[in-house]
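Please take a moment with the sequence and the model before reading on, and keep both at hand while following the text.

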Amino acid sequence: MRSLAALLTALLGAALVLLAAAPAPRPRAQAPAGGLPYRAVAPALAADSAAGTLPAGTPTATLPAGTPTATLPPASACGYRAAVRALADPAAAAVDRTPASATIGGLLALDRPPGLTAASPRQLPTEGRAVQLTAWLRGAIRTPDGGIDLLISTSPDGPLLRARFPGLDCTEGASEADRAAIEAARIAFINRCGVPTAGSWRPLGGQAVLVGVPAWGEPRPSGADGAPTGIELAPVLDFAMPQGATCDPSQPFGPTPTPTPGAALEMLINVNPIRVSRGGQVTVTIIVQEPPPPGGTPVPGPAGIPCSYTAYDRALTPIASGGPSPTGPGGTVSWTFTVPPDAALSDYSTNTHGRVTPACQGLTARGSARLEIVE
């Protein structure tokens, strides 16, 4: 009996050792922080990145294995002095966001600080306060980080200043308020002027009011694509155009075009914010544009095309819809809806989310935008 008791005691001790050595259960995946918008494109011809897109027009409850997600691009993609030019540097918290009145000529007249390098910290006072200025739009190009660079001047043929809308992934480290303002300004530009290509500058026209923070970028000695001193408006925090204005370089204040829907047009869809709580509001914007010819640039679509949308939660239950409503100048139309309190939440462990699908008369939908519903 003593031998049996000793054997049982030894076995119990071994079991306790094994239990102590067992790995702890893995925590469930949590929703990523932030609620900033991504753009989803249908078709994905003019997308900033693959994040937030699906190749099919119908939402699916389970995304295919390997579906890409947003990742921080390499520093080279975000550009020269990337953190300073995206309000993501340590000194950005001290920047005065209340804009002072300024002019493009005044910024172009500033002297570049001596010895400035890509690693130089924020330069005061020039980079210490936001400014507001009125500008003539001259051109735009999509940047490697998924952002947009804009050329502006005081007149249709004046000296050029570069204004920057950094891509969302390059604003990591900026405050949530600044990231939201930067993305909202970029979407406001896209809604009015369409999506530029990455290969060449797209000519623009028309006047706009911009708010942003002056920053020293790379010098542009020729002056053909920015200031020779490198001064920029980076980042842009607000973008607005007068009612009825367009970005047409030859007719900046032309009339509303006649609707001409057809197979030559394509749709883009913006969902803002992409991550939202139950009871929160979401704005859906559909953009209709002409796809670019080889080596060319997109052209904003016409007004008057009836469009609509349907939003689904993770369980593929319809939670909102809107339209048909006609596109306005620039080929855009928007709606706002409230996420119902019983909407199925996103499942980040399986990367399964809701979707928002666009539809426009005479056009074929080839994609949908991701909608993340959280507690």
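The paragraphs below go from the chain as a whole to its disulfides and then to one of its sheets.

This is a predicted model, and its chain of 375 residues has 49% of them buried. The secondary structure amounts to 4 helices and 17 strands. When contacts between residues at least 6 apart in sequence are considered, 71% of them join residues at least 24 apart. The accessible surface of the chain is about 17000 Å², and carbon and sulfur atoms account for 59% of that area.

Against this background, the cross-links within the chain can be taken in turn. A disulfide is a covalent bond between the sulfur atoms of two cysteines. There are 3 disulfides in the structure, and, with the bonded cysteines counted along the chain, they follow the pattern 1-2, 3-4, 5-6.

One of these disulfides connects Cys-78 with Cys-170, at a distance of 1.9 Å from S to S, and its torsion of -80 degrees about the S-S bond makes the link left-handed. Because Cys-78 sits in helix α2 (residues 75-78) while Cys-170 sits in the loop between β5 (161-165) and α4 (176-193), the pair ties together parts of the chain that are 92 residues apart in sequence. Are these two cysteines buried or exposed? Cys-78 has a relative accessible area of 7% and is therefore buried, the cut-off being under 20%, and Cys-170, with a relative accessible area of 8%, is buried as well.

The helix α4 that follows the loop of Cys-170 carries a cysteine of another disulfide, that of Cys-193 and Cys-247. The sulfur atoms of Cys-193 and Cys-247 are 1.9 Å apart, and with -60 degrees about the S-S bond this link is left-handed. Since Cys-193 belongs to helix α4 and Cys-247 to the loop between β8 (231-240) and β9 (266-272), this disulfide ties together parts that are 54 residues apart in sequence. Both Cys-193 and Cys-247 are buried.

Which hand does the disulfide of Cys-307 and Cys-360 have? The torsion about its S-S bond is about 110 degrees, so this disulfide is right-handed, and the sulfur atoms of Cys-307 and Cys-360 lie 2.0 Å apart. The pair links distant parts of the chain, with Cys-307 in strand β13 (residues 306-312) and Cys-360 in strand β16 (residues 354-360), 53 residues apart. Cys-307 counts as buried because its relative accessibility is 1%, and Cys-360 counts as buried because its relative accessibility is 5%.

The two strands that hold Cys-307 and Cys-360 lead on to a sheet. Strands of a sheet pair through backbone hydrogen bonds, either parallel or antiparallel. Here 5 strands form an open sheet with mixed pairing, in the order β10-β17-β16-β13-β14. Its edges are taken by β10 (275-277) and β14 (318-326), each of which has a single partner strand, so that one side of each is left without a neighbour in the sheet. From one strand to the next, the twist averages 25 degrees.

Within this order β16 is followed by β13, and these two strands run antiparallel, joined by 6 bridges. In one of the bridge pairings, Tyr-309 has Pro-358 of β16 as its partner. The strands β13 and β16 are thus connected by bridges and also by the disulfide for which β13 supplies Cys-307 and β16 supplies Cys-360.

How values were computed: Residues numbered from 1 in each chain as written. Predicted model: local features only at pLDDT ≥ 70, side-chain atom pairs only at ≥ 80, totals over all residues. Heavy atoms only, no water. Disulfide = S-S within 2.5 Å. Buried < 20%, exposed > 50% of the residue type's maximum accessible area, 1.4 Å probe, protein only. Contact = heavy atoms within 4.5 Å. Areas by Shrake-Rupley, 256 points an atom, 1.4 Å probe, with all protein chains shown as cover. Pairing = 2+ DSSP bridges. Axes fitted to C-alpha atoms, helices over the stretch in contact; angles between N-to-C directions.
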